[in-house]
Every structure is written in structure tokens, then in C-alpha cells.
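Welcome! Please take a moment with the sequence and the model below, and then let us walk through them together.

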Amino acid sequence: MNNKNRIKIVCGHYGSGKTNVCVNLAMLYKKRFPEAKVALADVDTVNPYFRAADAASQLEELGIHPIIPEFANTNVDIPSLPGELYSVFTKDSDTVAFIDVGGDDGAVALGMYADMIKDCGYEMIYVISKHRPLIADPEACADLMHIIEDASHLKCTAIVNNSSIGTETNAGIIEASLYYAKECSKACALPLLFTSYFPEVCGNITIPGETLFPMKNVTKQIF
């Protein structure tokens, strides 16, 4: 992550593990910079099953401010974004904001703030998974990225390989996903930032020459 950019967006296809990646990155940033003001915003308009709201209490315990839609984790399906979101995109804000873009459609909502985000400085991480059917090949992965970019009026800056299959994940599955991740990196013309894994499921992994990120499971539905 580039510390010069105050807005850090995490996007990708439904089920690719964006929320886990976004929350873990926010936690890591707060650990490295404990004095920083850090917020995590859930940008979602369709009230899906996997939400940053699931991790709200964990975020607050670490001093990370969650910005959650009013109807998150309810059976009320009303497209809405929290009004507080506008404040983190103002140029005079000193809050480092991690933005969890909930699904492909969430990029449309994000597009309303595109000019403000550009003024603040941003990076946009595209989360991919070998095990999501609609992005299982590099060309489809790149096509979806371009759809998200067009909808959000923003450009992705790096890729994260999050090819987990829940409790069935092991070191071999993580290693087997690396070729896919590198081909997606080429197709998208973006650097591969890291490959994530859950130590609680597959233990500690070391693969020579590869950047691996051990994550905590923060969305209870994953396992």
C-alpha cells in the first residue's frame, strides 16, 4: 500500500473475499500507524450476505471507525449509503479511509464520489479468486476489472490474489493459484500486491519469491 494515498479502495467480484481483505488491510495499517485516524466504510447498495458490518466490533476495539449503511445485516433491502461517507472524501480530512466496495454494483455508487477521491489521492485494489466462476480465467478477470473501472470512474492500481476455498484451503491450493494470479496480473497490466491465506486453516506458508499475507477471518460466514 502507498501511504501517500489516503483513500484505499478494495473492489472485486461477489464472493472474492473483498471484505476480509479490506478489513485485514485496515487492521494492519492501524497496527503500523497507531496514531493515525483510520476508518473503514462499507459501500454497498444491495445488502448482501458478506459485510464489513460483521467486523464492526472488532474494528472499534482496534480504534478503527466503521462507517456502515443503516440497514446493513438486516432484512431491509433499501439501497443506501451512509451520509458520513462524504466527510472522508473531503480534501481537508485527515482520516485514512479503507473502502469496501460491496460487489460489482457497488462501484456505481462509488462513482458519485470519483472526483473527490481523485483529489484526495487513492489506490484501488482489485481482489481476485481462481475459484469464482465468472473470473476463473485471466481474460474474464480483466473484463470485470474494466467494468468496475468504468462504473466507478476510477482505475485499479494493484491486484490481490485471494484464492481461498474456506476450510478446504491448504498450502497446495494457495501455491496452485499463483500461476492464475500472475496471468491475471499480466491481463490487467497491474502488479500483484500479495497472495492472502488464513493461517488458522492452512498453517503458516512460505513460498520462495512470493509475497504472502496471513489474514484473520473476520467475516463469520467464511468457515
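## A pocket beside helix 1

Which element gives the most to the lining of the second largest pocket? Helix 1 does, with five residues. Please keep in mind that this is a predicted model. Two elements, helix 1 and strand 8, each give two or more residues to the lining of this second largest pocket.

The volume of the second largest pocket is about 270 Å³. If you would like to find the pocket on screen, look for its lining residues: N24, M27, L28, K30, K31, L62, F213, P214, M215 and K216. By character, the lining of the second largest pocket has six nonpolar residues, three charged ones and one polar one.

## The chain as a whole

Stepping back, the chain has 223 residues, and 55% of them count as buried. Nine helices and eight strands make up its list of elements.

How much of the contact in the chain, at a separation of 6 or more, comes from residues 24 or more positions apart? Such residues account for 74% of those contacts.

## Aromatic rings that meet

A pair of aromatic rings is described by the distance of the centres and the angle of the planes. Counting with centres within 6.5 Å, the model has four aromatic pairs. One of them joins Y29 and F98: the ring centres are 5.8 Å apart and the planes stand at 65 degrees, so this pair is edge-to-face. Because Y29 lies in helix 1 (residues 18–32) and F98 lies in strand 4 (residues 96–101), the pair ties together parts that are 69 residues apart in sequence. Are these two residues buried or exposed? Y29 is buried, with a relative accessible area of 8%, and F98 is buried too, at 0%.

Another edge-to-face pair is formed by F194 and F213, with 4.8 Å from centre to centre and 70 degrees between the planes. Here the link runs between strand 7 (residues 192–197), which holds F194, and strand 8 (residues 212–214), which holds F213, and the two residues are 19 apart. Both F194 and F213 are buried. You have already met F213 in the lining of the second largest pocket. There is also a cluster to look for, in which ring pairs link Y29, F33 and F98.

## Cysteines without a bridge

A disulfide is a covalent bond between the sulfur atoms of two cysteines. How many disulfides does this structure hold? The number is zero. C156 is in no disulfide, and its nearest cysteine sulfur, that of C11, is 3.9 Å away. The cut-off for a disulfide is 2.5 Å between the sulfur atoms.

As for their surroundings, C156 is buried, with a relative accessible area of 6%. C22 also counts as buried, at 0% relative accessibility.

## Two loop residues with positive phi

Now for some backbone details. H153 is not a glycine, yet its phi is positive, at about 60 degrees. You will find H153 in the loop between helix 6 (138–152) and strand 6 (158–161).

A189 is another residue other than glycine with a positive phi, near 55 degrees. Its place is the loop between helix 8 (178–188) and strand 7. A189 is exposed, with a relative accessible area of 65%.

## Two residues and their contacts

Let us finish with L212 and K91. L212 sits in strand 8 and is buried, with a relative accessible area of 18%. Leaving aside neighbours within four places in sequence, L212 is in contact with T195, Y197, I205, T206 and I207. From L212 to S196, 16 residues away in sequence, the C-alpha to C-alpha distance is 5.7 Å.

Where is K91? K91 is in the loop between helix 3 (85–88) and strand 4, and it counts as exposed at 65% relative accessibility. Apart from neighbours within four places in sequence, K91 is in contact with D119 and C120. The C-alpha atoms of K91 and I117 are separated by 8.5 Å, while the two residues are 26 apart along the chain.

How values were computed: Residues are numbered from 1 along each chain as its sequence is written. This is a predicted model: local features need pLDDT of at least 70, side-chain atom pairs count only at pLDDT 80 or more; totals for chains, interfaces and linings use all residues. Side-chain values use heavy atoms; hydrogens and water are left out. Rings of Phe, Tyr and Trp (its six-membered ring) pair if their centres lie within 6.5 Å; planes under 30 degrees apart count as stacked, over 60 as edge-to-face and the rest as tilted. Helices (H or I, at least four residues) and strands (E, at least two) are DSSP runs, numbered from the N terminus. Buried means under 20% relative accessible area, exposed over 50%, partly exposed in between (1.4 Å probe, protein chains only). On a 1 Å grid over the protein atoms alone, a cavity is a set of points where a 1.4 Å probe fits but cannot get out, and a pocket is an open set with protein on both sides within 12 Å along at least five of seven lines; lining residues have an atom within 4 Å of a point. Grid points are joined across faces, edges and corners, and a volume is the space filled by probe spheres set on the points. Ala, Val, Leu, Ile, Met, Phe, Trp, Tyr, Cys and Pro count as nonpolar, Asp, Glu, Lys and Arg as charged, and the others, Gly among them, as polar. Contact means heavy atoms within 4.5 Å.
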